[in-house]
Amino acid sequence: MIEVRWHGRGGQGAKTASHVLAVAYLKEDKSVQAFPEYGPERSGAPMLAYTRVDDRPIRRHCAVTQPDIVVVLDPSLTREVPVTSGLKAEGKLLLNVVADSEAEEAVRTYPGKVLGVTADQLAKEAGTRFPNVVLLGAYAGWVGAPSLDHLQEALIEVMGHLPAKAKDASVRAMAAGYAAGERGRADV
Amino acid sequence: MARTMQGFEVLTGGEATAHAMRQIRPDVVPIYPITPQTPIIQTFSRFVADGKVDTVLLQVESEHSAMSAAVGAALAGARTMTATASQGLALMVEVLYIAAGLRAPVVMAVGNRALSAPINIHGDHSDGMLARDSGAVQVFAENAQEAYDLMVMAPRIAEHPAVLLPVLVGQDGFSVTHSAENVALLRDEEVQDFVGSYEIPYPLLGDRPSSQGLFAMPDAYYEIKVRQIQALEAAEQVFADVARAYALRFGRHLGAVESYRMDGAERAIVLIGSTAGTAKDVVDELRERGERVGLVAVRLFRPFPHQALEDALATVGRVAVLDRAAAPGTLPPLFADIRAGYHGTAELRSYVYGLGGRDTAPEDIAKVYRDLQLPAHAGIRYLGLLGEDQHGES
């Protein structure tokens with residue numbers, strides 16, 4: 001089982017990202033679970049969401065305490081929230097960074113693999129303000145699954161209610177993230 | 001929504017329940033929102049607004065009104081459903097007793113949540129236990145798939161001529177209502193065919209009109225009440241029949257209790273709801289190490305399936321009953337029910353867990369199985385309680 005923890009700020013799309021990833025993995029015949037951690041929700045406040053993926057049916061309904069992969073949607077969160085808490089030492093940490101040095105600074109004690117992606121920048125270039133789609137792409141490119149096709153199909157299904165222009169921008173942003181993730185995989 | 005070749009979609013328990021309602025096509029659904037039930041009526045309202053189902057949606061000003069409207073609609077002959085949670089169910093309980101007494105077969109989805117105070121939005125079974133003696137049938141789902149399946153089964157149980165009672169379909173707040181997971185929906189026509197059409201046996205209008213909600217003095221009240229009690233007792237067989245029909249038709253059997261790896265088990269846990277899934281993972285791990293442990297998940301809580309529990313626990317040595325609710329001043333509800341009807345030789349121990357959404361991890365479940373190797377404790381243990389030895393007095 002792979003357990004992923006998403007760190008975001010309310011309104012940034014961490015919950016949506018956790019869901020899109022689950023839908024994409026379902027297309028690869030996995031069992032999935034996606035859920036946010038609910039508290040007093042406020043726009044801009046740190047929040048968490050989770051995705052579980054497994055080849056066997058997922059039965060447990062408990063918190064994710066030792067994730068395999070952590071994705072951080074907001075560059076400033078690494079300074080505020082213990083994003084590597086419980087993260088397995090042999091796991092992966094995927095960060096939205098403004099500059100690569102900042103990512104390394106905030107998490108330099110983490111012994112596992114770390115990849116920083118300039119998700120805000122890549123999102124902006126693709127015509128969206130949401131870094132979640134870039135990081136979803138980067139996740140897949142870095143981890144090696146799910147495929148970009150399945151991820152983009154999942155995105156279009158989950159974002160079905162958005163105008164075509166926004167969907168197109170998100171699909172482009174996801175592809176840019178995927179390329180960045182693949183580069184990260186090649187570097188390791 | 002995402003469909004794979006096996007027909008799974010990624011849906012929350014709340015969304016899956018709304019799909020069941022859309023497919024059942026109830027005539028009337030009175031609604032009032034409350035977390036963590038809101039996604040059910042929100043999703044269902046969208047289906048109505050999009051023209052995918054032509055239910056009359058009544059937006060009322062409180063849960064008391066929602067349940068009152070549901071009783072009126074049901075007695076007028078409408079197939080009626082609603083949904084609620086926690087304080088909302090508490091507010092409905094007065095009218096839920098009336099629904100049961102008037103034999104109004106209202107089907108209600110419940111996103112089980114702790115009761116105030118302190119105010120809390122997360123899962124436990126306190127709300128369901130408050131409605132325990134209302135006379136309604138009450139079932140609990142382990143996951144989103146079961147929440148869907150039980151909802152599809154519910155109208156046939158509620159509307160059965162021997163039953164004619166409200167049915168509450170519970171799913172744990174957030175851990176099922178808001179957790180998106182693999183769910184296989186049936187086709188719309190399969191659901192409609194399974195549920196069938198409904199005609200109230202005692203219509204208000206027509207050739208043989210009836211009166212409803214009449215005054216009953218000491219010369220009649222008692223007889224009416226006993227018939228109502230017998231109707232709830234009859235629901236056990238009706239539940240079994242509907243579960244069998246569902247299994248034959250769709251391949252998923254949801255019995256009153258589910259025994260998981262109980263063959264040759266020396267130690268067992270009995271519980272209700274979503275933690276059963278977590279416990280199954282723990283049972284598998286311990287079984288791999290050669291430990292003879294098993295699990296019994298209780299789906300049908302009212303009427304209480306005493307014989308099914310008796311059978312499930314026939315050969316086990318020690319049993320921990322885990323309640324996600326308390327009954328202050330006495331033994332917790334599930335434990336009390338099991339102990340009251342159990343004639344076997346197993347030693348029964350009482351635990352309370354997960355109040356107000358406190359996480360119950362696999363390690364907590366493993367701890368209970370370890371405890372069962374030790375001599376018996378007195379009273380109730382509080383699993384996962386911070387900062388003390390988790391012992392309580394009963």
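How many residues does the contact take from chain B and from chain A? The legends below take that up along with a sheet in chain B; the model is predicted.

**View 1. The open sheet of chain B has six strands.** Reading across, the order is β9-β11-β10-β13-β14-β15, and the pairing is mixed. The edges belong to β9 (257-260) and β15 (380-382) of chain B; each has a single partner strand, so one side of each goes without a neighbour in the sheet. On average, neighbouring strands here are turned by 25 degrees against each other, ignoring direction.

**View 2. Zooming in on β14 and β15 of chain B, we find a parallel pair.** Three bridges hook β14(B), residues 347-352, up to β15(B). Look for S350(B), which sits opposite I380(B) of β15(B).

**View 3. Helices α9 and α11 of chain B pack on this sheet.** Helix α9(B), residues 275-288, touches β9, β10 (267-271) and β11 (293-298) of chain B, and its direction makes about 165 degrees with that of β11(B). Helix α11(B), residues 333-341, touches β10, β11, β13 (318-323) and β14 of chain B, with about 140 degrees between its direction and that of β13(B).

**View 4. Here is where chain B touches chain A, with 25 residues from chain B and 21 residues from chain A.** On the chain B side, β1 (8-12), β8 (180-184) and α9 each chip in at least two residues. Helix α9(B) gives the most, with five. Sorted by class, the chain B side has 10 nonpolar, 10 polar and five charged residues.

**View 5. Strand β2 of chain A pairs with β8(B).** The two are antiparallel and share two bridges, with β2(A) covering residues 31-36. Q33(A) has E181(B) as its bridge partner in β8(B).

Methods:
Residues numbered from 1 in each chain as written. Chains lettered and ligands numbered in written order. Predicted model: local features only at pLDDT ≥ 70, side-chain atom pairs only at ≥ 80, totals over all residues. Pairing = 2+ DSSP bridges. Helix = DSSP H or I, 4+ residues; strand = E, 2+ residues; numbered from the N terminus. Axes fitted to C-alpha atoms, helices over the stretch in contact; angles between N-to-C directions. Contact = placed C-beta atoms within 7 Å. Nonpolar A, V, L, I, M, F, W, Y, C, P; charged D, E, K, R; others polar.
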